[in-house]
Amino acid sequence: MADELTPETPDEDEQPIKQRKNGLYPGVSDELADNMKSGWADTELRDLQPIEQASNAAERRAALSRRFPGERLVIPAGNLKTRSNDTEYSFRAATEYVYLTGDQTDDSVLVLEPNGDAHDATLYRLPRSDRENGEFWLDGMGELWVGRRHSLTEAAVLYGMPCKDVRELADALKEATGPVRVVRGHDAGIEAALTDKVTAERDEELRVYLSEARLVKDAFEVGELQKAVDSTVRGFEDVVKVLDKAEATSERYIEGTFFLRARVEGNDVGYGSICAAGPHACTLHWVRNNGEVRSGDLLLLDAGVETNSLYTADVTRTLPINGRYSDLQRKIYDAVYAAQEAGIAAVKPGAGFRDFHDAAQRVLTEHLVEWGLVEGPVERVLELGLQRRWTLHGTGHMLGLDVHDCAAARTESYVNGTLEPGMVLTVEPGLYFQADDLTVPEEYRGIGVRIEDDILVTADGNRNLSAALPRRSDEVEEWMARLKG
């Protein structure tokens, strides 16, 4: 990693340039500074078109405007977060900001200014780094260090709204009058500028609205989720093809293999991949991925590709590492499959969100009672929740820009709500027999099985977006054998 230059102390009226303390150059001569100001080609992009989701984002802003007439609305993208010293984590823009703009640029802010019964939307962003003051080559966030930013003119074309310099926004907000709401938790500087103008209760209403607005996906969003799932399917195929290499190394080989597909075909993984072999499958969010991969064990792979527009898949398969389930593994797997079938069948417009969870839990409980692991009858077990020792988690959640999308929605709109066409959710029952669970026969211990698919609610039922990945145990074995050649 290159070492930054160290400029001389700037004049008082100039923006100070971020610099590293122990840079190897003590300063910049006047001659070099003048040299760096000139001799550069015009690189302004003049043939840009609006991004694909620009019209969708405009419709979402219009709906937001109707919900909060006469109020100034401030939605930040967020800032870079330090990983260590002067290195930052990869930036991921706030979901609310992406939903309303399609943009993913750090330090940016969307502001909706009231104008009569509507709002005027303005995107505040950093302009291209300055060539006159040397920012573009001296500052660690300058263009020659981290890459070119779009000019404000370019951004206006891409995102379909006027763009202004975000460095002027905080002062403007301090002088703002009238009711204001801000999405909190992403930009401390913007929140500080509004500290005497906003209330936690009113800001929470904005966050809840934007969460509930995402419950039903538009056509663009459904298309992006299908892209994410399709890439995820290919990522699972990649993993199966290299299971022998994972056995020779660790779960990290699986994680790295899937990540390659995510980076080649999308932006990233949508969440930390769970590559859980053997008893690690009983840890619901096993993301350390540093364990052994052994023939004869199961691999629980829970992973999703995030598209370049930041929509993510969330798919799980539990695979026999050697390609064949043992009798007991198959028995447990088939019980989870039956539960998932019941859950998917319950996903349809007009059904309660809880219905698919209840259907899957009933099937799992029936098997647990049949196997003698818990004393029936089934109704008693469900009433007391005794099955949860082995089923542990809910059977699904909304999916979209966040892997657990719409999380701030009101309970009556989400888990106690009704399914509508355009909603996308996961159905993911599981059974987990911990390695130290003395209440089950020894041969069960250390076996964990989860099957998860991404389901779109349609006008007449549902569509499994991840149906291209086999689910039935015999089909999984045939698929693995085919991939392994």
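Here are some short exercises on a predicted model, each with a worked solution.

**Exercise 1. Work out how the rings of Phe236 and Phe258 pair, and where they sit.**

Start with the overall tally: the structure has 9 aromatic pairs. In one of them, Phe236 and Phe258 have their ring centres 6.0 Å apart, with 90° between the planes. Centres within 6.5 Å make a pair, and planes over 60 degrees apart count as edge-to-face, so this pair is edge-to-face.

Next, find the two residues along the chain. Phe236 belongs to helix H10 (residues 219-241) and Phe258 to helix H12 (residues 251-265). They're 22 residues apart, and the pair links distant parts of the chain.

Now check the surroundings. Phe236 has a relative accessible area of 0%, so it's buried. Phe258 is buried too, also with a value of 0%.

**Exercise 2. Look at Phe353 and find which residues it clusters with.**

Take its pair with Phe356 to begin with: the centres are 5.2 Å apart and the planes meet at 85°, which is edge-to-face again. Then add Tyr414, since ring pairs link Phe353, Phe356 and Tyr414 into a cluster.

Are Phe353 and Phe356 buried or exposed? The cut-off for buried is under 20% relative accessible area. Phe353 comes in at 5%, so it's buried, and Phe356 is buried as well, at 1%.

**Exercise 3. Find which rings have Arg67 and Arg131 over their faces.**

Go one arginine at a time. Arg67 lies over the face of Phe68, 4.4 Å from the ring centre. Arg131 does this with Trp40, at 5.0 Å from the ring centre.

**Exercise 4. Count the disulfides, then explain why Cys282 isn't in one.**

The count is easy: 0 disulfides. For Cys282, look for the closest cysteine sulfur, which is in Cys275. That sulfur is 16 Å away, so it's too far for a bond; the cut-off is 2.5 Å.

As for accessibility, Cys282 is buried at 4%, and Cys406 is buried at 0%.

**Exercise 5. Describe how helix H13 packs with helix H17.**

First, the geometry. H13 (residues 327-345) and H17 (residues 473-483) pack at about 115°, and their axes are 10 Å apart.

Second, the residues that touch. H13 brings Arg330, Tyr333 and Asp334, while H17 brings Ser473, Asp474, Val476 and Glu477.

Third, sort them by type: what do you get? The contact splits into 4 charged, 2 nonpolar and 1 polar.

Terms used: Residues are numbered from 1 along each chain as its sequence is written. This is a predicted model: local features need pLDDT of at least 70, side-chain atom pairs count only at pLDDT 80 or more; totals for chains, interfaces and linings use all residues. Side-chain values use heavy atoms; hydrogens and water are left out. Rings of Phe, Tyr and Trp (its six-membered ring) pair if their centres lie within 6.5 Å; planes under 30 degrees apart count as stacked, over 60 as edge-to-face and the rest as tilted. Helices (H or I, at least four residues) and strands (E, at least two) are DSSP runs, numbered from the N terminus. Buried means under 20% relative accessible area, exposed over 50%, partly exposed in between (1.4 Å probe, protein chains only). A charge sits over a ring if NZ of Lys or CZ of Arg is within 6 Å of the ring centre and within 35 degrees of the ring normal. Axes are lines fitted to C-alpha atoms, for helices over the stretch in contact, and angles run from 0 to 180 degrees between N-to-C directions. Contact means heavy atoms within 4.5 Å. Ala, Val, Leu, Ile, Met, Phe, Trp, Tyr, Cys and Pro count as nonpolar, Asp, Glu, Lys and Arg as charged, and the others, Gly among them, as polar.
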